[in-house]
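Trainee: Got a minute? I'd like to walk through this one with you.
Mentor: Sure, pull it up.

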Amino acid sequence: MRKSGAVRTLDAPPYRIDEAIYRRFDPRNTIFGRRHWDREAPFYGQDVHDRAGERMAGQEGCADAGYSRVEFARARAAWTVADHFAGAYSWERLGEPEDGLADTPPEVAPADEMAATVRATAHAFGADLVGICRVDPRWLYDVTPATVRDAGRYAKAAVPSGYDHAVVMAVAMDAEAIRTSPGYAAATATGVGYSRMAFVASCLAQFIRNLGYRALPMGNDSALSIPLAIDAGLGQLGRNGLLVTPEFGPCVRLCKVLTDLPLAPDRPIEFGLWDTCRRCRRCAEACAAGAISTDAEPTLDVVSRSNNPGILRWPVHHDRCYMFWVQNGASCSSCIAACPYTPL
Ligand code: SF4
Ligand code: SF4
């Protein structure tokens with residue numbers, strides 16, 4: 001499955017954290033949280049779909065190319081499972097206990113066998129990539145009752161103790177559709193990715209509960225997906241601020257299940273991404289918002305309140321990115337489309 005022959009496994013993850021600066025991420029600071037409370041943000045009170053009607057009406061009363069009513073209807077419908085399946089990211093076991101599984105003693109197996117079982121099950125539910133890591137507490141969101149109030153769907157509660165392992169899963173998006181970004185067909189691929197995340201994470205969490213353990217399914221909420229994915233050996237962080245995988249480049253969506261089930265972890269990987277990013281800059285050139293750094297070297301500096309500090313990387317200006325989404329009337333994936341690691 002792994003495409004690149006240049007992938008090396010590592011003993012430690014290939015990122016640098018300045019512990020004197022690093023702070024756990026405050027979930028109020030996601031763009032989607034800030035648009036509800038950050039009155040200084042240029043996008044305060046604005047939704048990504050506010051201009052969808054204008055885009056569908058177009059300049060001359062007919063839709064701009066890629067922004068028809070049919071395409072918008074399809075893009076919105078693609079989110080149905082993610083947005084409307086109430087149990088998708090439930091932290092409780094779903095359903096009635098009449099199957100008897102809840103009362104059965106936990107399944108016991110060596111951690112490497114259990115990891116193989118969980119990996120195979122995640123693939124059976126539709127995950128394209130699966131990795132396992134121990135949970136580094138630095139990646140858990142800094143959640144308090146106050147942050148829950150303002151963070152919206154990004155934090156329901158602090159992760160309780162004992163959830164020591166994460167199963168991190170990537171679902172590949174339709175690269176052909178993503179290449180039509182920033183129109184609605186790319187937004188459809190994104191919505192399908194989010195709905196598949198909800199399906200995969202909820203089913204895997206329920207499977208782990210059925211084995212007699214605890215499991216918390218998560219999308220973008222509650223813990224940082226990208227560093228967990230790096231720890232679990234799925235890829236590296238790119239200039240575009242996204243996880244770049246050897247198999248699908250950044251053309252993936254991430255979800256995870258945190259659990260107390262003992263699992264043998266995978267090892268992080270390195271495939272020369274940062275050497276490529278130093279020279280490449282295609283994502284930055286494709287970004288209509290100027291949100292991606294063109295600097296030769298990564299930095300510890302931040303450029304947006306939505307960056308958490310203390311991580312060496314090329315910081316993405318999320319405010320500019322989201323402002324473009326609002327103007328566009330839809331999400332954007334142009335930095336994914338442009339990446340040479342995205343499948344042709
Ligand atoms: S999603 Fe679009 S606007 Fe945002 S950083 Fe990527 S290319 Fe730029
Ligand atoms: S487009 Fe180029 S610079 Fe951007 S993440 Fe991909 S490889 Fe790195």
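Trainee: Which residues are around ligand 1?
Mentor: Keep in mind that this is a predicted model. The residues around ligand 1 are Cys287, Ala289, Ile292, Cys321, Phe324, Trp325, Cys332, Ser334 and Cys335.

Trainee: How does that shell split by class?
Mentor: Eight residues are nonpolar and one is polar. None is charged.

Trainee: Which helix gives the most to the shell?
Mentor: Helix 12, with three residues. Helix 12 spans 318-328, and helix 13 spans 334-337. Each of the two supplies at least two shell residues.

Trainee: Switching to the sheet. What's the strand order?
Mentor: The order is 2-3-7-4, in an open sheet of four strands. The pairing is antiparallel.

Trainee: And which strands stand at the edges?
Mentor: Strand 2 (129-134) and strand 4 (215-218). Each has a single partner strand, so one side of each has no neighbour in the sheet. On average, neighbouring strands are turned by 20° against each other, direction ignored.

Trainee: How many bridges join strand 3 to strand 7?
Mentor: Eight. Strand 3 covers residues 165-172 and strand 7 covers residues 252-259. As one example of facing residues, valine 168 stands opposite lysine 256 in strand 7.

Trainee: What does helix 5 touch on the sheet?
Mentor: Helix 5 (residues 111-124) touches strand 2 and strand 3. Its direction makes about 145° with that of strand 2.

Trainee: And which strands does helix 8 touch?
Mentor: Strand 3, strand 4 and strand 7. Helix 8 runs over residues 184-210 and packs on the sheet. Its direction makes about 20° with that of strand 7.

Key:
Residues are numbered from 1 along each chain as its sequence is written. Chains are lettered from A and ligands numbered from 1 in the order in which they are written. This is a predicted model: local features need pLDDT of at least 70, side-chain atom pairs count only at pLDDT 80 or more; totals for chains, interfaces and linings use all residues. Side-chain values use heavy atoms; hydrogens and water are left out. Two strands pair if DSSP finds at least two bridges between them. Axes are lines fitted to C-alpha atoms, for helices over the stretch in contact, and angles run from 0 to 180 degrees between N-to-C directions. Contact means heavy atoms within 4.5 Å. A residue is near a molecule or strand if one of its heavy atoms lies within 4 Å of it. Ala, Val, Leu, Ile, Met, Phe, Trp, Tyr, Cys and Pro count as nonpolar, Asp, Glu, Lys and Arg as charged, and the others, Gly among them, as polar.
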